[in-house]
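Visitor: Please take me on a close look at the start of this chain, one part at a time. After that, I would like to see what lies beyond it.

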Amino acid sequence: MAINVTCPSCLKRFNVADEHAGKTGPCPACKKPITIPKLDEQVVIHAPKPEGPTDSKGRSVLKTVRRSDGAFDPLVATGVAGVALLSLLAAFLLQGDDNAIWWWAGMCVLLGPLVAWAGYGFLRDSEIEPYTGGMLWLRAAAAGAVFALSWYVYYHLAGVLGESEWLTTGLETWQMLVAGGIAVGIATFASFVALDLEPFMAFFHCSLYFVVTVLLRVVMALPVLPGLVTGDAG
């Protein structure tokens, strides 16, 4: 049986016959003397034996169970999609209603946690253990509440930057950009903190919510954005 030898001076590795075990001789590379280890001094590392039953070659016959991603629940996802569709249907039926703006505000509050939960399922970092169950819903509810609050921030800043009747007279482009940018920034920060999303993904996460709520405004025949006057007040 050959003996594996590593020269301590030049670190050259080579094999020698077992009859030279325990002898001292020059390294074939650097010529410095080295002592060949004895057979009982060699360390043999064996691979760990697999747990459970094995075949004739020692290989495990058990199949690996793939870990399911607890952050996504098809049943709950179906429920979220159903609520979203019902919200769109309700928005369509509320076209022209004098209280449409208040109905829209209520839907914004309702959809916040649902959209936050749904977006987390495909925007989260797959290398981090996902939030699941009650903890996920708690964090999604916190993020969704801030999403809805960001609309209030938009309205408040629009009132500060615009005229007293800005809902009917409209806002200038820079005023909408400032109010909207701050509102989106707050919502992005909420996704980042509540659900541990990366900043870029947190931006897309809250953007999904704004796309849904703006779509509701369109279906309800309200201006696309508050302050963007198209003939009807919003």
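Guide: Let's begin with strand S1, residues 3-6, where the side chains alternate: Ile 3 and Val 5 point to one face and are buried, whereas Asn 4 and Thr 6 point to the other and are not. Here "buried" means under 20% relative accessible area, "exposed" means over 50%, and "partly exposed" is in between, with a 1.4 Å probe and protein chains only. Strands (E, at least two residues) and helices (H or I, at least four) are DSSP runs, numbered from the N terminus.

A few words on the ground rules. This is a predicted model, in which local features need pLDDT of at least 70 and side-chain atom pairs count only at pLDDT 80 or more, while totals for chains, interfaces and linings use all residues. Residues are numbered from 1 along each chain as its sequence is written, and side-chain values use heavy atoms, with hydrogens and water left out.

Back to S1. Its partner is strand S2, residues 13-16; the two run antiparallel and are joined by 4 bridges. (Two strands pair if DSSP finds at least two bridges between them.) Ile 3 has Val 16 of S2 as its bridge partner, and Thr 6 stands opposite Arg 13. S2 also has two faces: Phe 14 and Val 16 make up the covered one, Arg 13 and Asn 15 the uncovered one. The hairpin of S1 and S2 has 6 residues between the strands, and there Leu 11 takes a positive phi near 65 degrees.

Another stop in this part is Cys 27, placed in the loop between strand S3 (24-26) and strand S4 (33-35). With a relative accessible area of 0%, Cys 27 is buried. Not counting residues up to four places away in sequence, Cys 27 touches Cys 7, Cys 10, Phe 14, Lys 32 and Ile 34, where contact means heavy atoms within 4.5 Å. The C-alpha atoms of Cys 27 and Cys 10 are separated by 8.8 Å, although these residues are 17 apart along the chain.

Now for what lies beyond. The protein has 6 helices and 4 strands, and along the sequence they follow the pattern β-β-β-β-α-α-α-α-α-α. Of its 234 residues, 32% count as buried. Among contacts between residues at least 6 apart in sequence, 55% join residues at least 24 apart.

The largest nonpolar core has 39 residues, and Trp 104, Phe 147, Trp 151, Tyr 154, Leu 195 and Tyr 209 touch the most other members. Helix H2 (100-123), helix H3 (133-161), H5 and helix H6 (199-219) are the elements that give two or more residues to this core. Apart from it lies another core, of 8 residues, which takes us back to our starting point: among its members are Val 5, Cys 7, Phe 14 and Ile 34. (A nonpolar core is a set of buried Ala, Val, Leu, Ile, Met, Phe, Trp, Tyr and Cys residues joined through side-chain atoms within 4.5 Å.)

Two members of the 39-residue core deserve a visit. Phe 147, in helix H3, counts as buried at 0% relative accessibility. Leaving aside neighbours within four places in sequence, Phe 147 is in contact with Gly 112, Ala 116, Ala 187, Ala 190, Ser 191, His 205, Cys 206 and Tyr 209. One of these, Ala 190, is 43 residues away along the chain, yet its C-alpha atom is 7.7 Å from that of Phe 147. Trp 104, with the same kind of neighbours left aside, is in contact with residues including Trp 151, Tyr 155, Leu 216 and Met 220.

Two backbone details are worth a glance as well. Asp 196 has a positive phi of about 55 degrees although it is not a glycine; Asp 196 sits in the loop between H5 and H6 and, at 38% relative accessibility, counts as partly exposed. Ala 221, in the segment after H6, has a positive phi of about 65 degrees and is not a glycine either. At 39% relative accessibility, Ala 221 counts as partly exposed.

Finally, the outside. About 14,800 Å² is exposed by the protein, with carbon and sulfur atoms supplying 65% of it. Ile 186, which lies in helix H5 (residues 173-195), is partly exposed, with a relative accessible area of 32%.

Definitions and conventions
Accessible areas come from the Shrake-Rupley method with a 1.4 Å probe; for residues, only the protein chains shown count as cover.
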